[in-house]
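Student: Please take me through a close look at one charged pair. After that, I would like to follow the same ideas to other places in the chain.

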Amino acid sequence: MIALTAATIVSLWVIGAKTIDEYGKAQRAVEGNVLEAVATAGTHVKAEVRQLKTKLARQWAAHIAWDLHTYILQHPGKTIRELQEDPVFAANAVMNIGDRGYAFVYEQKSGIIRLHPDPTLVDQPADCCGPGAHPDTAGQYCGATVRVPARTADGKGLMVCVTAPEEECLQQTRAMTSCLLDMSAQIDRTFSAVSSGARRTLTVSLCVLGGSVALLLTVGAWLLLRNEQILCASANWHRSLVDQALVGMFVYRDGRFRFLNRRIAEIFGYQPKESLGQQILTVIHRDHRQLAARLIKMGETGKRVPTRHELKFMTKQGETGWVDLSLSAMPEGPERCVMVSAVDITERKQVEERLRQRLAVEEAVANISKELMSPKGADLDITLQTLGEAMEVSHACICFREDGGRMDNIHEWCRKGVPSEMDRLQALDISLLPWSTKMLLGGENIIVADVDAMPDVAGAEQASYRQRNIRSLVRVPIFSAGAGVIGFIGFDDTDECRNWHAEDVQALRLVAEILGSHWDRERAEAALLERQEMLDAVTTLSADTTFVMDEDGRYVEAFSHTHKVMGSPVHQVVGRLMDEVLPMDLAAQLLATIRETVESNARQSTEYQLAIEGQPRWFEGRTAVMSVGPDEQALVILTCRDITAQKENEHRRRLSERKFRAFTEQSLHPVWVVQGQKIVYSNSAMSMQLGLDCRDAVIGMDLEDMVSEEMWPSIAKKLASLMAGETEAERMQVNFSRLLGSDLWHDVQFARIEYEGAPALLATGQDITEIKALMEELNAERLHDSLTGLYNRRYFNDVIARELELSNRNGVPISLLMLDIDGFKSVNDTFGHRTGDEVLRAVAAVLLKDVRGADVPIRFGGDEFLVIMYNTTTAAAEATALRLADGLIEYLHQRIVSGELPDRVASLVWLSGGAATHEPGSARSLDDVLCLADQRMYAQKERNQRQRDRREKPSGRQRRAG
């Protein structure tokens, strides 16, 4: 504060001194301006006088030139020399004109004509006619020249020059200059007096002002220091309050952040210091940048700005969010700033958008349900449009499959600008979409938030979706009560990846159920209509005759495709009793059947023979209780069918069955018939292949006692399905090992037939035992390495998942030991691939000899081997690796000694190993275990190489020394 006071006083003294100095400068400036004005005025006066003298000199020179011209014209024969000697010409040419100066003549482009012996004019150059031509009066003359029009006889041209003195001009200039100098001196004295008084007054004022300022500054400094402390504490308190506030706050100027608290930085995804100076529009979403720019400009220009705004922004990570902004102008200061408070309303906006979309979807589902359940039905294209707009998707479709293989009933809606896929969907073969078809037929929803993240098994479908620019999709199966999955409803989004909410999927599931019910209702109505038509056809076109009978055997109604029943017109039968129309014994038989039907309330049937128009015919009568009549008697429907042809067919069938037995007996392939799991018929080929004496030994045997115990449950299930009519035929491979004690494989085709009036299964077989053995041999070759005889990687891929499951179930660890042959490439390069193959066989031999019987050695690929070790720790597995390495070196030395391998092979080869263990219940995957074992193997490989390098260095130095 003392320094501030001293600086203030010094500043005041400096200001005073500067003011006094400015007074002096002003005085000197005035003096300089006066002197300059004097000099300028003298110059102007001198110039005016000279101009006047020059004008007079030109007039006089013109007068003289005209006289000379007249004289030359009067004496045309005179040359320049003669004119010089002519006294009259000389008097006119060279003369003294008093106060007007001198006049003389000179030859053009030459010198002065010597007309007068005036020493001042002799030997002067031609340009001496200008000011200062006279040597004694230099600088005091002004002159003018005029050409004489006439020329002398010798062709010379003459010029007349008149010079006038400047003394009069100089005298006037001196007088004016003297007056101006007197005025300058008077002004100087006046300024000096004023400056001296001003200095004294200013000095006193500065002293008083300096003391006052010093006092005020001292008090002000104390107050300023006190206020600064209070303001600093307040600023720290407010800054802490702002930084800890749950509401984001920032201050901007010129459209850039000037201050941000921690909360607003978190909302935008930046650090507070990182955002300082950044343009506000860089964090605003492109949809709202124009509005934000307008608000920023209004806030900075002081215009009235609405206090609340909801804007969309982009975080540093590229995510979209919403903020509720409140703008207020900062207090007036050197910079116009605007303070903004912001509340993150992203979740609220998402909930609002979700609720809006949810309400739209629910409203759409309600409308669709109402329309589909109405008798008129609904337009599925409008249904799709309603759902698609509610869920804000790009494309929607409903696909029904009628023939089971192709989508041949398609409805589609596309958002504006999205191309239609109707042609592709109409020709779509569902076998080309195995992954989607499997999930939909299994009743599962297909929800793909990101097409790029689809599983590998859906690669073909993923490529198709990418080609059509589909980013996200959902498929919901449509079920029918009787037909299972009959199609699906699908929605696609080509704009962005999206998470399909469970509520939306549930709504689509509800729509799918409604569509399935609508589909069932349409088909039920069609079936009902078809049945009604069929009933009408039956009652009018059927060959059967139907009667409605009461309990007494009276014909109540009669329906026939002809106008006659039993040989009599219909109207003659209705209302009569049976014994009045039929023979007594037949009437009694049918009446007994009717009464039994009423008493048991169950269907009954009977066969009888009746002569129609003299021809015996066989009929089948079937009865069923229809309803109770108005007199509380039961009404029975009696359907009479002419089965004469059926009887004849049965006779022919019996003949055909005898022929069938004869044919099957001659067949070389086994043929048998099964009823209730027991063989009721068999040909001789069956008994021969089963090793039995005769075919009667097979009849009566139970299939369960013949088929292998492992296969019987699945075979029994398929046979039950056949007997229930769920399938028409089944082909399977059956092993009759339980009967024979050894494998006997048959390829059997089962078909459902009727045998001796009861459902049965006809089986035809072929012995495939040798083919099966050959296939097993080929399968074994597929799982073994042809060079080493060990299991190959395909075997590992087939069994490892099962082994890990057994490890978890039994609670024992399983270790994977990875082995790699060091120096194998050197062996191939040095001795050839045949020696390399012998090394691989040697490693396989050591593995088979030295690992435990429960462990499984595998050639994993190239020069890498793997051992699956059960109930083994990592340390024990790596110890086994060292033991195998020593065993390999020993085995190679034996082969070298026997001459089977070159001498240096053992020095080039070593075995490096690394192990990793899968503990029971561990979350570590198979890939993790393999990767860890591989890493440890390569680490051991590097350690082995460094040890070998250290062992080789001494020998290398010895060789160089030698």
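Tutor: Let's start with D747, which counts as buried because its relative accessibility is 14% (buried is under 20%, exposed over 50%, partly exposed in between, with a 1.4 Å probe and protein chains only). This is a predicted model, in which local features need pLDDT of at least 70 and side-chain atom pairs pLDDT 80 or more, while totals for chains, interfaces and linings use all residues. Residues are numbered from 1 along each chain as its sequence is written, and side-chain values use heavy atoms, without hydrogens and water.

The partner of D747 is R731, and that residue is exposed, with a relative accessible area of 59%. Their side chains meet in a salt bridge, 2.5 Å from N to O (a side-chain nitrogen of Lys or Arg within 4 Å of a carboxyl oxygen of Asp or Glu). R731 belongs to strand β24 (residues 729-735) and D747 to strand β25 (residues 745-755), so this pair ties together parts that are 16 residues apart in sequence (helices, H or I, of at least four residues and strands, E, of at least two are DSSP runs, numbered from the N terminus). Elsewhere, E838, R841, R895 and E900 are joined into one network by salt bridges that share partners.

By this rule, the count of salt bridges comes to 25. Another of them links R617 and D642, where N and O are 2.8 Å apart. Because R617 sits in strand β20 (residues 615-628) and D642 in strand β21 (residues 634-642), the pair ties together parts that are 25 residues apart in sequence. Here R617 is partly exposed at 31%, and D642 is partly exposed too, at 33%. Then there is R498 with D493, whose closest N and O atoms are 3.3 Å apart. R498 counts as buried at 16% relative accessibility, and D493 is buried at 4%.

Now for charges gathered on the surface. R943, R946, R950 and R951 form a positive patch (residues with over 30% relative accessible area and no salt bridge, like charges being joined within 9 Å). R951 lies in helix α27 (residues 926-961) and is exposed, with a relative accessible area of 55%. A patch of negative charge brings together E704, D705, E709 and E710. Within it, D705 is found in the loop between α18 (684-689) and α19 (712-723), and D705 is partly exposed at 47%.

Rings make a nice contrast to finish with. A search of the whole structure finds 11 aromatic pairs (ring centres of Phe, Tyr or Trp, the last by its six-membered ring, within 6.5 Å; planes under 30 degrees apart are stacked, over 60 edge-to-face, the rest tilted). F250 and F257 have centres 5.2 Å apart and planes at 75°, so they are edge-to-face. F250 is buried at 5%, as is F257 at 1%. F268 and F313 are also edge-to-face, because their centres are 5.3 Å apart and their planes are at 70°. With F268 in helix α5 (residues 262-268) and F313 in strand β7 (residues 308-314), the pair ties together parts that are 45 residues apart in sequence. Both F268 and F313 are buried. Together with Y252, the residues F250, F257, F268 and F313 form one aromatic cluster.

Terms used. Patches are made of residues with over 30% relative accessible area and no salt bridge: like charges are joined within 9 Å, nonpolar side chains (Val, Leu, Ile, Met, Phe, Trp, Tyr) within 5 Å. Accessible areas come from the Shrake-Rupley method with a 1.4 Å probe; for residues, only the protein chains shown count as cover. Lys and Arg count as positive and Asp and Glu as negative; His and the chain ends are not counted. The place of a charge is taken as NZ of Lys, CZ of Arg, CG of Asp or CD of Glu.
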